[in-house]
Amino acid sequence: MPVQRSILGRPLPPMPPKRIAVLLSTIAVFAIFTLVFTLPNSIPAGPSLGRFTDHKIPIPKLAKTLSPSILNPFRQAAHAPPIQKNSTSGEASWYSNWNWMSPFSSSVTLDENRSLLPPLIDRPPIYAYYDHTLQKEKSHKEAENAVLVTWRRAWWAQGFKPIILSPAEAMNNPLYAELQVLEVEPLLKTEISRWLAWENMGTGMLCHYLLLPMGSHEDPLLAFLRRGEYPRLTRFDKLGSGLFAGSKADITAAVKEALSNKALNESTDFITAVSPETFEIEPKNGVLAYYDTSTVKEKYSKVADEIEADGPRGLMVLNKLTVSHLHTTWQNTFSKGIAVIKPQPEHMTAAILPARKLAEFLIQCPPSPLPSSCPPNNPKCSPCISSHPLKITYPSVYRNTSDLYTIGTVPHPFTTALMSSLNSESELTIPWIRRKSKRDPWLTTITAELLGTGVSGAPRVVKFKDAVASQYGTSHSLWTTAERDMPEDLDWYFGFTIPRNATDKGESETPVPGPERKPQISSGPRNSPEAEPTDEEVAMTKEKSLLQSAVEFGKARRPDEEKVRKAIEAWNLADTEAWRFARAFLERNRVERLKWEEEERKYAGGKAGAERGKNEGWGRWFDDR
């Protein structure tokens, strides 16, 4: 039964459905009309709404020139830079460019295995005159050759290019004919021939082979001489004919003035053969040590007596003295000792073993005929005392300290992962690399003190490259790779012969110890074959085994091993860049020196200043690695 609706007690008649639809439609139209035309007029317009209505969203536009970054997916393909001359050595290859401080070399070289190195700095030439044509005994020539090798090493380590001149260069000078017609003393004729040989070569320095640089690499005088620009012909106060520096034009003018001097035969040397105004005298030369006859007699009478008694033997004694002074000067420069970088103290002992032994050799007191003597330019030096050697530290971070020398060993990321986990190489899988290994652990650790912990790998690589390859870094540190032996030419890197006495630990011992002070050899169970190795010996044996596995892994790899190597290099981009950079930089230094030696063998008879019988490298000293 339908419901009867009512209003005030009166029943409402039922409304047809069509009328209900019309009523609802009328209400809806009225509501829309009210909202559209009436409501906006009731809202006040103000500046707060106007700034939103006037705002226009800019439409992004693509740049006309796309980013040259290697990460740009739209970057067009480009040819790699051309291969430079002498830019490979073994597996190491490099490209010299002023953009060498770029974090990752591949952004410039377009080759992951090609490192970006700083351009080679031009070494200014420094010349020494040596007449190899004179008839002398074999022992005398061998002694002179040893002195020339010491002279070349010392100047090479300071950033110069030492060149030995001979009478051939003097004869090649057009002015040599004028000298031949003059009647002068043999010593003065040799002195003028020395200048003619220098004038034939041009701008540079003329040095006596008994004058050596003994001071810091940053010394202002050495820095000035390394520029290779000499505004005036210069000699150095109290050094006599030990060292001259000048341009070719000034050298030519001085030689012509000497040859035209009518009183030339009355002169004792070249300095007195020209006017005093010819030279500018430099008074500050405290970094130069000159072992001339008067200096040796005055300061080292024992050596002078040896030379008078037996010339060749005495010359070898003098050479031994100069080498010890070079070593002592180096030790005085780095008075705080040597820092051997060891980022992971518990697992990297075997990897840094060569660096540790090199540090032990460097802190030894060099053999010397006068152990307590000082160089002639530094009479107040601190002679080496075996009971108080330099300190060797093993920090996990790199510290940029001027009087602390750093020796760093850079491992490949595979070596780091293998030795830090102490697992076999079969356990280093791609899932383990991605899920459990840390990214760039070696570089992050050594730069933690300089850059902190919240820095990515790119700025760490830049800081590392500066420590390795800058002019300051090369003179205050040495960086090698863990998978290769120490270079064989470290004597040229440091500028003196490094002692290789493996038994010397820098400790003072009684010359003739009594029975109560002689070292007692234990006969207990520790020396018996049945004794069990200690935990340290077991760990060291395992580290050496893993390091050897890493070395062999880097030489020959199967396809699956190559996949693991690429994966770990991709996961540790900064560590990989640091390893390749250190390897390439050290190899380029070696190639540079070998090319220079190969070129110099053509001159001065091919023997003057050449190392003889030098075929023992550093390998035999690190056999227990």
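Q: What counts as a helix or a strand here?
A: This is a predicted model, and its helices and strands are DSSP runs numbered from the N terminus. A helix needs at least four residues and a strand at least two.

Q: Where is the place of His-217?
A: Look just past strand E9, which covers 211-213. Helix H8 then takes up 220-227. His-217 belongs to neither run, so its place is the loop between E9 and H8.

Q: Is His-217 buried or exposed?
A: The relative accessible area of His-217 is 16%. Buried means under 20%, so that value puts His-217 on the covered side of the cut-off. His-217 is buried.

Q: How many Å apart in space are His-217 and Ala-157, C-alpha to C-alpha?
A: Along the sequence, 60 residues separate the two. Even so, they are in contact, and His-217 also touches Gln-158, Arg-226, Gln-471 and Ser-475. From C-alpha to C-alpha, the distance between His-217 and Ala-157 is 8.9 Å.

Q: Which helix is His-327 found in, and what is its relative accessible area?
A: His-327 sits within residues 311-333, the stretch that makes up helix H13. Setting aside neighbours within four places in sequence, its contacts include Phe-361, Leu-362 and Phe-496. His-327 is buried, and its relative accessible area is 0%.

Q: How many disulfides does a search of the whole structure find?
A: One is formed by Cys-365 and Cys-384, with sulfur atoms 2.1 Å apart. Another joins Cys-374 to Cys-381, at 2.0 Å from S to S. For the whole structure, the search result is two.

Q: What pattern do the disulfides of the chain follow?
A: Count the bonded cysteines along the chain. Cys-365 pairs with Cys-384, while Cys-374 pairs with Cys-381. That gives the pattern 1-4, 2-3.

Q: Why is the disulfide of Cys-365 and Cys-384 called left-handed?
A: The answer is in the twist about its S-S bond. The disulfide is left-handed because that torsion is about -80°.

Q: Is Cys-374 buried or exposed?
A: Cys-365 is partly exposed, at 24% relative accessibility. For Cys-374 the value is 11%, and since buried means under 20%, the label follows. Cys-374 is buried.

Q: What share of the 625 residues of the chain count as buried?
A: The chain holds 24 helices and 17 strands. Its accessible surface comes to about 35200 Å², with 56% belonging to carbon and sulfur atoms. Of the 625 residues, the share that count as buried is 45%.

Conventions
Residues are numbered from 1 along each chain as its sequence is written. This is a predicted model: local features need pLDDT of at least 70, side-chain atom pairs count only at pLDDT 80 or more; totals for chains, interfaces and linings use all residues. Side-chain values use heavy atoms; hydrogens and water are left out. Buried means under 20% relative accessible area, exposed over 50%, partly exposed in between (1.4 Å probe, protein chains only). Accessible areas come from the Shrake-Rupley method with a 1.4 Å probe; for residues, only the protein chains shown count as cover. Contact means heavy atoms within 4.5 Å. A disulfide is a pair of cysteine sulfur atoms within 2.5 Å.
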